[in-house]
Amino acid sequence: MSALETCVPVAVIGAGTMGAGIAQLAAQAGHPVLLFDAAGGAATQGRAKTAKGLERLVERGKMDRAEANGIMKRITVAEKIADIAPAGLVVEAIVENLDIKRKVLGELEDIVAANAILASNTSSISITSIARDLQRPERFAGMHFFNPAPVMKLVEIVSGVATDASVAETLFDTGTAWGKVAVHAKSTPGFIVNRVARPFYAEALRLYEEQVADPATLDALLVEGAGFRMGPFKLMDLIGHDVNYAVTRSIFEAYYADPRYRPSLSQLELVNAGRLGRKSGRGFYDYTDGTETPSPGTQAVDAAARPFESLELTGESEIDGVIVALTDGRTARQRAKETGKPAVLVDLVAEDGARRIGFTASPDVSPAFIARFVATLDGKALAATRLPDWPGLVAMRTVCMLANEGFEAEMLGVANAQAIDDALRFGLNYPRGPIGWARAIGLPRVLGVIEAIHELTGDPRYRPSLALRFAASEVSNIPMY
Ligand code: NAI
């Protein structure tokens, strides 16, 4: 372990939402903390906000009063920037602006000792770029916490071109000592989380635009079916469409308009309409008092329909002359044509705890069969959502595209597979990391789903990652390309 010793003072520059949280975190770990903000009174205000937050924890019995007092005692407001001189680590959490960050870090470099580490909490600016004018850029790295910093488990340690490996290592170990799951990432647009998670929003928006289902139904398939904590539409409403759209757009532009990150016109329309989500009272959902949350599309269960004796939802079987299979990306019509038998395809669900499943059927499946199928699902405590005959359905398409992005990021050296999976689990509370999830589904199936969507849409957004192809060929006899 090369974590900073707790006697080393930590300075936090910027006492807003993130800075106040990072100050609390460092003080909680035992460091003396110096909190500075350029706006008069802002650091005192940030410190007071932290005190209030801790007080609530004490009231709810989640923290000892002595501990809360100890944390607050360790946080000192720095009246002027020069007062942070004793710091061995400086975490910058000021406004998200490259020129201002360059200037402030340049000043800080002259104030602290030669061996102090400088870090930025930026969520979207290149670490390499912020470091450009530093005299010693090798001691500078990204230390990207998530909001709220004291609660969210992840910290991305981001290395720019000049960052010394030992500096990244110290930050990694220090983040770990502060109780976080730390991951190493290379400075690239979106780092890990904000890049690899794009398909969660993008596929949902695209499915909505393709009129596959409404937001409530798509959210339900991902939450009640696949086990995500919150559906993409509810989450975008919470983040704010202005913010979420701006992040997508900046990533899209940063990757030279790669269609993988193409923003959504329907989201732009919400922004244009001022329907920014919860904060404006309306986004995809209506938050005005008394408005009911729409229910997801659900098949009625016919009490008279006799359930099948057994039904397999993760492989492929034949029941009463009908193929029932987990989607492999091809449509039910394609499957029916190929086998000469009607086909029912089911969507991906979580291994445990699923309460809903999406399915589709080729046109030659009889209503009586569907009724028995739905009754069988009901017997397994699964609500059924019938979907149009669409390649990859909903949860499978989403998870496969997340995995594709994970493999791509790994191949390009953004981070290793473990870091990518940890980043999405602990930065966004995903039920599984996308690469591990894809391995559990089976890489040939994941590759097949993406290839099928690619073939049917012709959209280069769905081109499989070379790394996914290689990984799939290692676990099967799929020829290498
Ligand atoms: P904020 O607006 O709540 O706080 C920024 C603070 O920095 C303000 O108190 C402001 O007075 C101060 N400040 C501005 N210029 C300064 C300067 N030159 N010197 C000293 N203080 C200065 O912003 P927030 O949300 O805390 O974001 C800070 C940084 O953290 C940004 O780089 C942002 O991208 C990043 N970030 C934000 C997250 C979020 O969810 N809000 C999540 C992760 C990273």
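Visitor: Which residues line the second largest cavity?
Guide: Pro-199, Ala-202, Glu-203, Arg-260, Met-401, Asn-404, Glu-405 and Arg-461 line the second largest cavity. Helix 8 and helix 15 (395-411) each give two or more residues to this lining. The model is a predicted one, in which local features need pLDDT of at least 70 and side-chain atom pairs count only at pLDDT 80 or more, while totals for chains, interfaces and linings use all residues. Residues are numbered from 1 along each chain as its sequence is written, and side-chain values use heavy atoms, without hydrogens and water.

Visitor: Why is this called a cavity, and what is its volume?
Guide: The second largest cavity has a volume of about 40 Å³. It is called a cavity because, on a 1 Å grid over the protein atoms alone, a 1.4 Å probe fits at its points but cannot get out; lining residues have an atom within 4 Å of a point.

Visitor: How many cavities of 30 Å³ or more does the search find?
Guide: The whole structure holds two cavities of 30 Å³ or more. The largest cavity has a volume of about 60 Å³, and its lining includes Arg-198, Tyr-201, Thr-248 and Arg-461. Helix 8 supplies the largest share of that lining, four residues.

Visitor: What makes the largest pocket a pocket?
Guide: A pocket is an open set of points with protein on both sides within 12 Å along at least five of seven lines. The largest pocket contains about 1,100 Å³ of space. Its lining counts 34 residues, of which Phe-146, Asn-147, Asn-194, Ile-239 and Leu-428 are the closest to the centre. Domain 1 (10-187) and domain 2 (195-280) each give at least three residues to this lining, the bounds coming from an automatic or database domain assignment.

Visitor: How do you know that strand 1 and strand 2 pair?
Guide: Two strands pair if DSSP finds at least two bridges between them. Strand 1 (residues 10-13) and strand 2 (residues 33-36) have four bridges, in the parallel sense; therefore they meet the criterion. Ile-13 stands opposite Phe-36 in strand 2.

Visitor: Why are strand 3 and strand 8 called edge strands?
Guide: Strand 3 (75-77) and strand 8 (181-186) each pair on one side only. The open sheet has eight strands in the order 3-2-1-4-5-6-7-8, with mixed pairing. Strands here are DSSP runs (E, at least two residues) and helices likewise (H or I, at least four), numbered from the N terminus.

Definitions and conventions. Grid points are joined across faces, edges and corners, and a volume is the space filled by probe spheres set on the points.
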